[in-house]
Each structure stands twice: as C-alpha cells, then as structure tokens.
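This briefing walks through a single protein chain, beginning with one residue and widening step by step to helices, charged pairs and the chain as a whole. Please keep the structure in view while reading.

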Amino acid sequence: DLFIDKNDLARHSDHEFKEFVRRATATTAKRVLTSLSTRLIDRIFSGTVTRGKTVSQLNGSPDAKMSYTEFVWFLLAEEDKQHPRAIEYWFRCMDLDGDGYLSMYELEYFYDEQLQRMEAIGIECLPFEDCLCQMLDMIRPQIPDKISLADLKRCKMTPIFFDTFFNLEKYLDHEQRDPFASQRDHDTEMSDWDRYAAEEYELLVAEEGGNDNHDDLGVDEEI
C-alpha cells in the first residue's frame, strides 16, 4: 500500500546493523536491536516532521503511518545529516517541547535509550555526563546548556552529534573510525548523500552481477 508504519521504519538498515553488531561484539544480542532508537521513531510518527495532515489522520487510522514522500524526506535526512534541511528535520525531532532549543533533559532522554541498547549487546558506553561534555565542546552553543538550530548549523560535525543520540549503528561506526576521518570526508566535494548513493549503486551492480552468474551456471548445467 506504499505506507510505512513504525515497525517498517525500525527495520531500515536492520540487516546491516545486525551484521555490524555481530562483527563488533562477536556475540548475538538476546533481543532484536534496530539501528534507530524507538524514541526517535515515535517522534517521527508524532507529526513533528510531517507537512500537513499525516496519513493516519487522513484515513482515520489509529496507527500512525508514513507516506512514500515522507519516507523520501526521512531517507535524505538520515543519509546526509550535514545538509541544512536535514539538520532542521532532526532538530525538530529532538526538540520535545518545541521551544527552539535542545535542553540537557531532551539530550538525556534520547541518550538514555542508547545506553540501554549498548548495554544489551555488551558494549561499554560513556555516562551521559561525559557524553554531554563532548557534545557541548563540539557544538559550542552560544547559550550555555542550550543548543539552538543555529548552533548546529554552524557545526561541521552534526552527523556525529545526531547519531550519538539516536542511531546506534552509525554512532558505533564513528567510535571505531579515525577521529579525523569525518573532517576529511567533509573537506571532499562529495556530500554524504552522494557517497550513500554511490555505495548503494555498487551494491546493486554487485547483486545483479551475482544473479547473472547464477543464471549462467544454470544454463551450463542444462546444456
């Protein structure tokens, strides 16, 4: 029906995340974990980042659903968190009270779930206070203990900031990378979206090549 519910969105990058966890921890989590936090998914479906009425409001359904167009907006924001529109998208998701600032309470609200999820897969994690110090040093907000949209748009490390609070797969990826790699990526001409599109295209070509080889083997066997 081209509509996406919360469970559908939770499975976004699910296969890649499970494989990432397996490689990173050499163990299997006791419960199924997804890349995106449930609190963030709830905010997306609350209508805070949708324009006009939601699909559920239009069809009278009690269950929130996302249209194909809304999923495209989500995907663009998810894969290029340095773009100004993406920064606005995620800022609205995290600004729970809509006052135009991300408070320490709001940051802790999202990070708390990250802590629980990391503990579930046996990964040692920073206490919120230590994480908060790192984030404030990185963002350097003009008003102490409050992060504005303008603060984030001035920062060149917004992917790390957002992923720390709601995307566990990408957060762990940042933790394992060269600390200067993100800055080097930013200095290149390719955007995060360009890199994502190129990687997905290569995967598609490789998959189609594998299918072609399988078909060729089938023809040879028949001969």
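Val49 has a relative accessible area of 12%, and because values under 20% count as buried, this residue is classed as buried. The model in which Val49 is seen here is a predicted one. Val49 sits in the loop between helix H3 (38-48) and helix H4 (55-59), and its surroundings lead on to the other topics below.

**Around Val49**
- Leaving aside the neighbours within four places in sequence, Val49 is in contact with Ile44, Tyr89, Arg92 and Cys93.
- Val49 and Cys93 are 44 residues apart in sequence, yet the distance from C-alpha to C-alpha is 6.9 Å.

**Helix H6 and the annotated domain**
- Helix H6 (residues 84-94) is largely enclosed by the rest of the structure, because eight of its 11 residues are buried.
- The buried residues of H6 are Ala86, Ile87, Glu88, Tyr89, Trp90, Phe91, Cys93 and Met94, and two of the names in this list, Tyr89 and Cys93, also appear among the contacts of Val49.
- According to UniProt, in an unreviewed entry, residues 82-117 carry the feature "domain: EF-hand".
- Over residues 82-117 the chain is 69% helix and 8% strand, and the C-alpha atoms at the two ends are 25 Å apart.

**Where helices H7 and H10 meet**
- The axes of helix H7 (residues 104-120) and helix H10 (residues 158-166) come within 6 Å of each other, and they cross at roughly 65 degrees.
- On the H7 side the contact is made by Leu107, Phe110, Tyr111, Gln114 and Arg117, while H10 contributes Phe161, Asp163, Thr164, Phe165 and Phe166.
- Sorted by class, this contact between H7 and H10 has six nonpolar, two polar and two charged residues.

**Salt bridges**
- A search of the whole structure finds 10 salt bridges, and three of them are described here, beginning with the one between Lys6 and Asp42, whose closest N and O atoms are 3.0 Å apart.
- Lys6 lies in helix H1 (residues 6-10) and Asp42 in helix H3, so this pair ties together parts that are 36 residues apart in sequence.
- Both partners count as partly exposed, Lys6 at 34% relative accessibility and Asp42 at 39%.
- Asp163 forms a salt bridge with Lys81, and here the closest N and O atoms are 2.8 Å apart.
- Asp163 in helix H10 and Lys81 in the loop between helix H5 (68-79) and H6 are 82 residues apart, so that the pair links distant parts of the chain.
- Asp163 counts as buried at 2% relative accessibility, and Lys81 is likewise buried, with a relative accessible area of 2%.
- Lys153 forms a salt bridge with Glu88, with 2.7 Å between the closest N and O atoms.
- Lys153 lies in helix H9 (residues 149-154) and Glu88 in helix H6, so the pair ties together parts that are 65 residues apart in sequence.
- Lys153 is partly exposed, with a relative accessible area of 38%, whereas Glu88 is one of the buried residues of H6.
- Through salt bridges that share partners, Glu78, Glu79, Lys81, Asp163 and Lys170 are joined into one network.

**The chain as a whole**
- The secondary structure of the protein chain comes to 13 helices and two strands, and 41% of its 223 residues count as buried.
- Among contacts between residues at least 6 apart in sequence, 66% join residues at least 24 apart.
- The protein chain exposes about 13,300 Å², of which carbon and sulfur atoms supply 51%.

Methods
Residues are numbered from 1 along each chain as its sequence is written. This is a predicted model: local features need pLDDT of at least 70, side-chain atom pairs count only at pLDDT 80 or more; totals for chains, interfaces and linings use all residues. Side-chain values use heavy atoms; hydrogens and water are left out. Helices (H or I, at least four residues) and strands (E, at least two) are DSSP runs, numbered from the N terminus. Buried means under 20% relative accessible area, exposed over 50%, partly exposed in between (1.4 Å probe, protein chains only). Contact means heavy atoms within 4.5 Å. Accessible areas come from the Shrake-Rupley method with a 1.4 Å probe; for residues, only the protein chains shown count as cover. Axes are lines fitted to C-alpha atoms, for helices over the stretch in contact, and angles run from 0 to 180 degrees between N-to-C directions. Ala, Val, Leu, Ile, Met, Phe, Trp, Tyr, Cys and Pro count as nonpolar, Asp, Glu, Lys and Arg as charged, and the others, Gly among them, as polar. UniProt positions are given in the numbering used here, feature names are shortened, and annotations may be inferred rather than shown by experiment. A salt bridge is a side-chain nitrogen of Lys or Arg within 4 Å of a carboxyl oxygen of Asp or Glu.
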